Amino acid sequence: MDVLFGNRLCREYEDRIVSVASCSSEKKTRYELKNTSKCKITKIDIDCLFSNSVKEKCDYAFIVYGKECITINFIELKDSKLTKAASQIISTVHMCNLRVNNQIVNARIVLTQTHRPDIISSQMRKLKDIIRKHGGNVEYKSKILSETI
């Protein structure tokens, strides 16, 4: 039983030996998590988890159950609006009210177009501060963001 996201209907994938778990190719963006360490991973559809009345929410969460800690990657697949993506992840993290020990929270944003980081928006600064408090980091990239655990 998942203590963080209890609704089993919102789980799209749950496996210990998945080699690649990717979000849908909506907006022609993709997030891949290559599981070489054979950890248990749960993929949560955030749209399913929260009601339609909640407008600000990210697309997915990947929960990785490591030996030492739980890592949660909040994923937003977006066009070119980095600030909007940051706002959606901030909202989701607050709604989830994460209070589990030994957890790391990361934010991952995949954009259809390359974002020019001329000025870091207040939303991006806020997101980085929130994620840092949970021991994680923020990454964004265009088209495909791929990680290996």
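**A walk through the predicted fold**

His 134 is a good place to begin: this residue lies in the loop between H3 and strand S8 (138-142). The model described here is a predicted one. With a relative accessible area of 21%, His 134 counts as partly exposed, because residues are called buried under 20%. Its C-alpha is 5.5 Å in space from that of Ile 104, although 30 residues separate His 134 and Ile 104 in sequence.

The overall architecture comes next. The protein contains 3 helices and 9 strands, and their order along the sequence is β-β-β-β-α-β-β-α-β-α-β-β. Of the 149 residues in the protein, 46% are buried. Contacts that reach across the sequence are well represented: among those between residues at least 6 apart, 67% join residues at least 24 apart.

In soluble globular proteins, nonpolar side chains tend to be buried together. Here, the largest nonpolar core has 25 residues. Within this core, the residues with the most contacts are Phe 74, Ile 89, Val 93, Ile 109, Met 124, Leu 127 and Ile 131. At least two residues of the core come from each of strand S5 (60-65), strand S6 (70-78), helix H2 (82-96), strand S7 (103-111) and helix H3 (122-133). The greatest contribution is that of H2, which gives 7 residues. A second, separate core holds 11 residues, among them Ile 41, Ile 75, Leu 77 and Val 110.

Leu 127 offers a view of the larger core from one of its members. Setting aside residues up to four places away in sequence, Leu 127 touches Ala 86, Ile 89, Ile 90, Ala 107, Ile 109 and Val 138.

Two of the helices that supply this core, H2 and H3, also meet each other. Their axes come within 8 Å and cross at roughly 35°, and the crossing is left-handed. On the H2 side, the contact is made by Leu 82, Thr 83, Ala 86, Ser 87, Ile 89, Ile 90, Val 93 and His 94. The partners on H3 are Gln 123, Met 124, Lys 126, Leu 127, Ile 130 and Ile 131.

Helix H2 also carries Gln 88. Gln 88 counts as buried because its relative accessibility is 8%, and the cut-off for that class is under 20%. Apart from neighbours within four places in sequence, Gln 88 is in contact with Glu 56, Lys 57, Cys 58, Glu 76 and Lys 78.

Aromatic rings take part in a few further features. The structure holds 1 aromatic pair. In addition, the charged end of Lys 40 sits over the ring of Tyr 65, at 4.9 Å from the ring centre. The charged end of Lys 43 is likewise placed over a ring, that of Tyr 60, with 5.0 Å to the centre.

Finally, two lysines in loops have positive phi values. Lys 38, in the loop between strand S3 (30-34) and strand S4 (40-45), has a phi near 60°, a positive value in a residue other than glycine. Its relative accessible area of 49% makes Lys 38 partly exposed. Lys 143 is in the loop between S8 and strand S9 (144-148), and its phi is near 70°, again positive in a residue other than glycine. Lys 143 is also partly exposed, at 43% relative accessibility.

Technical notes:
Residues numbered from 1 in each chain as written. Predicted model: local features only at pLDDT ≥ 70, side-chain atom pairs only at ≥ 80, totals over all residues. Heavy atoms only, no water. Core = buried A, V, L, I, M, F, W, Y, C linked by side-chain atoms within 4.5 Å. Buried < 20%, exposed > 50% of the residue type's maximum accessible area, 1.4 Å probe, protein only. Helix = DSSP H or I, 4+ residues; strand = E, 2+ residues; numbered from the N terminus. Contact = heavy atoms within 4.5 Å. Phe/Tyr/Trp six-rings, centres within 6.5 Å; stacked < 30°, edge-to-face > 60°. Lys NZ or Arg CZ within 6 Å of the ring centre and 35° of its normal. Axes fitted to C-alpha atoms, helices over the stretch in contact; angles between N-to-C directions. Left-handed = near helix turned anticlockwise from the far one by under 90°.
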